[in-house]
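Hi there,

Here is the structure I promised to pass on. Have a look at it first, and my notes on what turned up follow right below.

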Amino acid sequence: MSQIKIAPSILSADFACLGEEIRSIDAAGADYIHVDVMDGHFVPNLTIGPNVVKAIRPYSKKIFDVHLMISPADPYLEEFANAGADIITIHPEAGSHYHRSIQSIKAMGKKAGIALNPATPTSVLDHVMDMVDLILVMTVNPGFGGQKFIHLLDKIKDVRARIQATGRDIDLQVDGGITPETSKQVIQAGANVLVAGTAVFKNGPDKYADSIKALRG
Ligand code: DX5
Ligand code: ZN
């Protein structure tokens with residue numbers, strides 16, 4: 001299994017000084033910068049758009065992992081790619097043709113991710129396994145940070161087995177309710193990229209490095 005990567009979700013950062021926050025988590029050992037984009041329609045919360053991604057991009061050379069919880073997503077893919085996203089993850093329910101959405105992301109030279117809500121079956125992966133670079137298993141219903149982890153360990157194992165069957169290098173990311181305790185469980189089940197908002201940011205900048213380290217299992 002590849003090394004465990006930590007992707008702090010900037011949803012829990014101090015938005016009044018987002019650039020500084022990104023510099024701090026970069027220095028503290030973050031592997032990916034996870035950016036949660038919400039539209040108040042696909043999920044019941046509003047966050048940020050491509051202009052903010054563009055503004056924060058210079059603050060880190062790490063991988064910008066942009067999680068789109070917006071519907072439709074297709075009209076905005078190019079803007080997020082141009083803003084500096086490295087990975088763009090979409091939800092299959094966000095549009096009628098997610099195969100095409102993934103094709104579009106790949107055609108722009110970006111890595112493509114597909115996100116599975118807690119009730120979304122892994123069968124949505126059937127015909128895109130040869131295209132995706134990342135599979136995101138949501139362990140909360142998307143929309144807010146700080147929610148309680150939903151035990152979907154068998155689902156994570158199922159996705160790991162599907163990835164292994166392809167022989168491709170696909171990230172298995174888990175997002176929602178990740179703590180030093182749940183991180184061990186999801187790593188055991190096969191996850192290699194852990195998103196964490198609350199667990200990284202709650203103890204303040206002096207502790208970012210410790211908080212990130214505590215999630216590596
Ligand atoms: C939820 C987001 C998550 C969220 C995680 O819709 O996709 O990335 O910020 O937050 P915590 O780690 O607090 O559950
Ligand atoms: Zn997310």
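Asp36 and His67 are both buried, where buried means under 20% relative accessible area, exposed over 50% and partly exposed in between (1.4 Å probe, protein chains only). His67 counts as buried because its relative accessibility is 1%. Before going further, please note that this is a predicted model, in which local features need pLDDT of at least 70 and side-chain atom pairs count only at pLDDT 80 or more, while totals for chains, interfaces and linings use all residues. Residues are numbered from 1 along each chain as its sequence is written, chains are lettered from A and ligands numbered from 1 in the order in which they are written, and side-chain values use heavy atoms, with hydrogens and water left out.

Now to the metal. What coordinates the zinc ion (ligand 2)? His34 (NE2), Asp36 (OD), His67 (ND1) and Asp175 (OD) do, at 2.1 to 2.3 Å. Donors here are N, O and S atoms within 2.8 Å of the metal (3.2 Å for Na, K and Ca); water is not among the atoms, so sites may look incomplete. Along the chain, the donors of this zinc ion follow the spacing H-x1-D-x30-H-x107-D. The pair Asp36 and His67 links distant parts of the chain, with Asp36 in strand 2 (residues 32-38) and His67 in strand 3 (residues 63-69), 31 residues apart. Strands (E, at least two residues) and helices (H or I, at least four) are DSSP runs, numbered from the N terminus.

His67 also has contacts, meaning heavy atoms within 4.5 Å, beyond four places away in sequence; among them are His34, Asp36, His91, Met138 and Asp175.

Next, the interior. The largest nonpolar core has 59 residues, and those with the most contacts inside it are Ile10, Val35, Leu68 and Ile135. Such a core is a set of buried Ala, Val, Leu, Ile, Met, Phe, Trp, Tyr and Cys residues joined through side-chain atoms within 4.5 Å. Helix 3 (residues 77-83) gives the most to this core, with 4 residues. A second, separate core of 10 residues includes Ala7, Leu136, Val193 and Val195. Not counting residues up to four places away in sequence, Ile10 touches residues including Phe15, Leu18, Val35 and Phe201.

One last detail concerns the backbone: Ser71 and Pro72 are joined by a cis peptide bond, with omega about 0 degrees. Pro72 lies in the loop between strand 3 and helix 3.

Happy to talk it over whenever suits you.

Best wishes
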